[in-house]
Amino acid sequence: MSYKRAIHILPNDLLEMVQEYVDGEFIYIPRKSGNKKEWGSNTSTRIELQQRNMQIYEDYLAGNSLQELSDKCFLSLKSIQRIIREQRNIN
């Protein structure tokens with residue numbers, strides 16, 4: 001997230017109104033609900049995690065133990081169990 005200078009984007013009268021509430025502080029202005037982006041939409045992270053989770057499930061079906069998968073993927077046993085449960089529900 002980059003910061004923008006309010007003096008460059010807000011009309012003077014609106015800037016003065018905002019300064020009555022927040023003067024010289026940083027504020028976050030959230031997106032409108034219709035403009036929100038889904039998590040991972042700007043990167044390939046979501047796809048990479050889906051591929052990783054599918055591979056974990058395939059390895060589990062091939063006979064790898066939960067502990068082996070946990071060690072291999074550097075994840076907790078609970079995370080491996082959750083991934084397997086979610087993948088089972090998808091398939």
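So, of the contacts in this chain between residues at least 6 apart in sequence, what percentage join residues at least 24 apart? It's 33%, where contact means heavy atoms within 4.5 Å.

Before I go on, a word on what we're looking at. This is a predicted model, so local features need pLDDT of at least 70 and side-chain atom pairs count only at pLDDT 80 or more, while totals for chains, interfaces and linings use all residues. Residues are numbered from 1 along each chain as its sequence is written, and side-chain values use heavy atoms, with hydrogens and water left out.

Okay, the overall layout. You'll see 5 helices and 0 strands, so from the N terminus the order is simply α-α-α-α-α. Helices here are DSSP runs of H or I with at least four residues, strands are runs of E with at least two, and both are numbered from the N terminus.

Now the overall dimensions. The radius of gyration of the chain is 23 Å, whereas a compact globule of 91 residues would have one near 12 Å. That radius is taken over C-alpha atoms, and the globule rule is 2.2 Å times the number of residues to the power 0.38. Along the principal axes, the C-alpha atoms fill a box of roughly 65 × 25 × 20 Å.

How much of the chain is buried? Buried residues are 14% of the 91. For the cut-offs, buried is under 20% relative accessible area, exposed is over 50%, and partly exposed is in between, with a 1.4 Å probe and protein chains only. As for the surface, about 8,100 Å² is accessible, and carbon and sulfur atoms account for 52% of that. Those areas come from the Shrake-Rupley method with a 1.4 Å probe, and for residues only the protein chains shown count as cover.

Let's go inside. In soluble globular proteins, nonpolar side chains tend to be buried together. Here the largest nonpolar core has 6 residues: Ile-56, Tyr-57, Leu-69, Ile-80, Ile-83 and Ile-84. Helices α3 (45-61) and α5 (77-90) each supply at least two of them, and α5 gives the most, with 3 residues. A nonpolar core, by the way, is a set of buried Ala, Val, Leu, Ile, Met, Phe, Trp, Tyr and Cys residues joined through side-chain atoms within 4.5 Å.

Take Ile-84 from that set. Which residues is Ile-84 in contact with, leaving aside neighbours within four places in sequence? They are Ile-56, Tyr-57, Tyr-60, Leu-66 and Leu-69.

Gln-87 is in α5 as well, and Gln-87 counts as buried because its relative accessibility is 8%. Not counting residues up to four places away, Gln-87 touches Asn-53, Met-54 and Tyr-57. Compare Gln-55, over in helix α3: Gln-55 is partly exposed, at 37%. Those two glutamines, Gln-55 and Gln-87, are 32 residues apart in sequence, yet their C-alpha atoms are 9.9 Å apart in space.

Is Asp-59, on α3, buried or exposed? Asp-59 is buried, because its relative accessible area is 12%. Beyond residues up to four places away, Asp-59 touches Asn-64, Leu-69 and Lys-72.

One last residue for you to find: Phe-74. Phe-74 sits in the loop between α4 (66-73) and α5. Phe-74 counts as exposed, because its relative accessible area is 76%. Its phi is near 60°, a positive value in a residue other than glycine.

That's the tour, thanks.
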